[in-house]
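The exercises below are to be worked with the sequence and the coordinates open. Each task is followed by a stepwise solution.

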Amino acid sequence: MKRDYWSIKTEMKQDNIFKQIFMLILPMALYLGIQFFCVNFGYFLVVFFSALFGKVDLAGDGVQVSTKLLLILNMIASISAIPIFTMMYQREENHESFWKNDYPVKLLGKFIWIIPFGLFAMLSANFVVSFLSLFMPDFMIESYSDTKEIIDNAPGSLQVIASVILAPIVEELIFRGLIYTRLKQMTSLKAAAVISAALFGAFHMNWLQAPYAFLIGIMCVFVYEKYQTIFATIFFHGMANMFSVLSMFMLGGGGESTEQPSTGQLVIAYIFWIWITGAFVVLIGMIINHRVKIKEIKKNEVIDDYDSML
């Protein structure tokens, strides 16, 4: 049976959609595969050499040993993944100048605005999560328990290296450098921002970190589009994580209050702080939007898609 032109075109379009979806899923799947291999192979080596030298009891020093080991293995996975995703990112369209020294020097000084932007973005997103957690069922709260155990028991130096340096690099390469860039070719900028941020939230695999990562992901897209370089989003992501780690260190030493506030008091307090920190996020975002001009970065290219979004 002879097929007409439109049936062939429809099949080609469907094949293209499937290919696009595969290209979106590939970076996340690849990173999860690298993590799975590094963690499991690392545990195998620890068990093998412990048995070889007669030290089979890996939990002899308690949970701190296992959480520290798990964090180290995940750090090894990140270090292994960074070169792979860097090469993938360089192969994407419009990234020919990734390693070239042609970024305007005068705009590097404007990176300073990313520091307070990261601080208030972290605070605002955390207050939103704290507010939402008041209404979450127990299974949602408990989904964060494994991650919290690693954070609470891992040494501070490892937390800084993992959260402030390694995680921002590999996650920005994946979610902004690859996934968001590919989504922009498939749909509008707004949709690409929301979908990539949603995937970034889902990637954390627990209900508490998901909304936080979603909000940070949206702000990462804003930084990426304004500064037109992946280094800006890595810097922003790192600043947000650094302030988050510092806040945990500072609050970790405090004693528990004998009088716990009611749910109503917490709701009012969280709404107030969401409003205050959110106002600072908007204010600093407006400053960045005004001071960082896309035309200064790409003089020979007219970019009006992002400006129309604002």
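**Exercise 1. Surface and fold**

What does the accessible surface of the protein chain come to, and what percentage of it belongs to carbon and sulfur atoms?

Solution. The model is predicted: local features need pLDDT of at least 70, side-chain atom pairs count only at pLDDT 80 or more, and totals for chains, interfaces and linings use all residues. Residues are numbered from 1 along each chain as its sequence is written, and side-chain values use heavy atoms, with hydrogens and water left out.

Step 1. With the Shrake-Rupley method and a 1.4 Å probe, where for residues only the protein chains shown count as cover, the accessible surface of the protein chain is about 18200 Å². Carbon and sulfur atoms hold 66% of that area.

Step 2. Of the 310 residues, 37% count as buried (under 20% relative accessible area; exposed is over 50%, partly exposed in between; 1.4 Å probe, protein chains only).

Step 3. The protein chain has 13 helices and zero strands (DSSP runs numbered from the N terminus: H or I of at least four residues for helices, E of at least two for strands).

Step 4. Among contacts (heavy atoms within 4.5 Å) with a separation of 6 or more, 83% join residues 24 or more positions apart.

**Exercise 2. Aromatic pairs**

Classify the pair Phe111 and Phe235 by its geometry, then locate both residues.

Solution. Step 1. Rings of Phe, Tyr and Trp (its six-membered ring) pair if their centres lie within 6.5 Å; planes under 30 degrees apart are stacked, over 60 edge-to-face, the rest tilted. The structure holds 17 such pairs.

Step 2. For Phe111 and Phe235 the centres are 6.3 Å apart and the planes make 25°, so the pair is stacked.

Step 3. Phe111 is in the loop between α3 (105–108) and α4 (114–133), and Phe235 is in helix α10 (residues 230–252), so the pair ties together parts 124 residues apart in sequence.

Step 4. Phe111 is buried at 14% relative accessible area, whereas Phe235 is partly exposed at 28%.

Step 5. As a second case, Phe131 and Phe135 are edge-to-face, with 5.4 Å between centres and 70° between planes. Phe131 is partly exposed at 22%; Phe135 is exposed at 53%.

**Exercise 3. Surroundings of Thr229 and Gly217**

Which residues do Thr229 and Gly217 touch, not counting residues up to four places away in sequence?

Solution. Step 1. Thr229 lies in the loop between α9 (209–227) and α10 and is buried at 11%. Thr229 touches Tyr103, Phe111 and Tyr224.

Step 2. A polar atom of the Thr229 side chain lies 3.2 Å from the backbone nitrogen of Phe231.

Step 3. Gly217, in helix α9, is buried at 0%. Gly217 touches Arg176, Ala197 and Phe200. The C-alpha atoms of Gly217 and Ala197 are 4.5 Å apart.

Step 4. Phe200 belongs to one aromatic cluster with Tyr31, Phe85, Phe175 and Phe203. Arg176 lies over the face of Phe200, 4.6 Å from the ring centre (NZ of Lys or CZ of Arg within 6 Å of the centre and within 35 degrees of the ring normal).

**Exercise 4. Confidence**

Which percentage of the residues scores at least 70 in pLDDT?

Solution. Step 1. The pLDDT (the predictor's confidence in each residue, from 0 to 100) averages 83, and 80% of the residues score at least 70.

Step 2. Over residues 58–64 the pLDDT is below 50, with seven contacts beyond near neighbours in sequence. Residues 300–310 are also below 50, with 14 such contacts.

Step 3. Where pLDDT is low, predicted coordinates should not be read in detail.

Notes
A polar contact is a pair of N or O atoms within 3.5 Å; within protein, one must be able to donate a hydrogen and the other to accept it, and residues adjacent in sequence count only if both atoms are side-chain atoms.
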